[in-house]
Amino acid sequence: MKRINMAKMLLWLVFSLPVLVHAQQNSAGKADIQGPNLASVNAAVAVVGSNDLVFGKNAERSVPIASITKVMTALVVLESGAPLNEWLVFQKRHTPAAANAYTRIRIGSQMRRADVLRIALMSSENFAAYTLARSHPGGFDKFVEAMNAKAEALGMTGTRFVDPTGLSAENLSTAGDLVKLVNAAAGYPEIQEFSTTNYFRGQFRKPRYSLSFGNTNALVHRESWGVGLSKTGYLSEAGRCLVMVSNMNGKQVVTVLLDSLGTRSPMGDAGRIKRWLDTGASGQVAKAARQYAQEKNAAYNAKVRGTTAALN
């Protein structure tokens with residue numbers, strides 16, 4: 001009789017019975033069921049179309065999500081029914097941005113809504129995301145209200161938005177909630193296409209000029225990953241973040257990675273998740289990343305204790 005590969009058996013159970021088998025890492029980083037070792041402080045993995053996690057790490061903790069916000073921005077734009085071929089005007093901000101909002105786009109110039117949405121997703125252009133909200137049929141404030149209403153409708157109970165760009169650290173969500181968001185967004189071909197565009201030459205008018213934009217996720221350039229949806233994010237308060245739909249172990253998988261130390265850490269974590277699903281190997285994380293995670297977990301736990309004490 002052939003020996004049964006226990007790692008393969010566990011992974012079969014994880015994919016076949018996601019409700020019954022849930023790998024969860026606690027705030028100390030120790031897994032109840034041995035999952036991948038990750039540099040990201042918070043994470044979630046699920047099969048596309050299901051909100052049940054096959055792996056989670058602090059997946060219910062509400063944290064800043066930086067430009068992952070723009071996935072919700074795209075969802076609200078598309079569900080508003082506003083015409084994608086309409087020319088939008090890049091107006092001067094009516095309120096200051098919460099963080100650095102550098103842009104190469106000229107104030108007063110115009111671009112079609114579809115292309116504004118594309119550069120907001122693929123290149124994380126903050127002025128583009130702001131302009132999408134500013135051009136919403138009900139205006140900027142109504143757009144943010146629609147973002148929160150959509151989050152509530154999706155059952156994202158640990159989520160709130162205050163702006164459409166992610167420049168505010170007050171935009172909060174959980175890794176588990178973002179699985180729900182990605183699953184909803186994956187139903188829109190425009191979000192799939194725009195978020196995974198490798199390079200794009202954007203055309204503007206009044207005045208006429210063009211700008212080149214590149215995708216912020218290096219994995220979209222690798223065919224072997226089969227990335228079907230992507231969004232990166234970064235703020236000092238949020239760390240490096242990534243949400244993605246990609247091919248893993250023969251399935252389309254949602255990966256959510258929040259608060260990593262280095263630029264390449266989310267990509268490394270995605271690779272560790274992919275290997276874990278294929279072989280059961282947990283992988284290794286650099287010492288600096290482990291120390292970063294320990295410090296962030298300690299800070300989160302201290303904040304929770306402080307809040308609890310204040311309520312009592």
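Start with a charge sitting over a ring: in this predicted model, Arg205 lies over the face of Trp87, 4.1 Å from the ring centre. Lys274 does the like over Trp225, at 4.2 Å from that ring's centre. Here are the two contacts side by side.

| Charged residue | Ring | Distance to ring centre |
|---|---|---|
| Arg205 | Trp87 | 4.1 Å |
| Lys274 | Trp225 | 4.2 Å |

Now for rings meeting rings. The structure has six aromatic pairs. One of them joins Tyr130 and Phe140, with the centres 5.6 Å apart and 45 degrees between the planes, so it counts as tilted, given that the tilted class covers what is neither under 30 nor over 60 degrees. This pair ties together distant parts of the chain: Tyr130 belongs to helix α4 (residues 126-134) and Phe140 to helix α5 (residues 140-153), 10 residues apart. Both Tyr130 and Phe140 are buried. They also sit in one aromatic cluster, along with Phe90, Phe127, Phe204 and Tyr209.

On to the pockets. The largest pocket offers about 620 Å³ of space. Its lining takes in 28 residues, and Ser123, Ser124, Thr216, Thr232 and Tyr234 are the ones closest to its centre. Elements giving two or more residues to that lining are β10 (229-235), β11 (239-248) and α8 (265-279). Strand β10 gives the most, with four residues. As for chemistry, the lining of the largest pocket splits into 12 nonpolar, 11 polar and five charged residues.

Technical notes
Residues numbered from 1 in each chain as written. Predicted model: local features only at pLDDT ≥ 70, side-chain atom pairs only at ≥ 80, totals over all residues. Heavy atoms only, no water. Phe/Tyr/Trp six-rings, centres within 6.5 Å; stacked < 30°, edge-to-face > 60°. Buried < 20%, exposed > 50% of the residue type's maximum accessible area, 1.4 Å probe, protein only. Lys NZ or Arg CZ within 6 Å of the ring centre and 35° of its normal. 1 Å grid on protein atoms, 1.4 Å probe; cavity = no way out; pocket = protein on both sides within 12 Å on 5 of 7 lines; lining within 4 Å. Points joined across faces, edges and corners; volume = space filled by probe spheres on them. Nonpolar A, V, L, I, M, F, W, Y, C, P; charged D, E, K, R; others polar.
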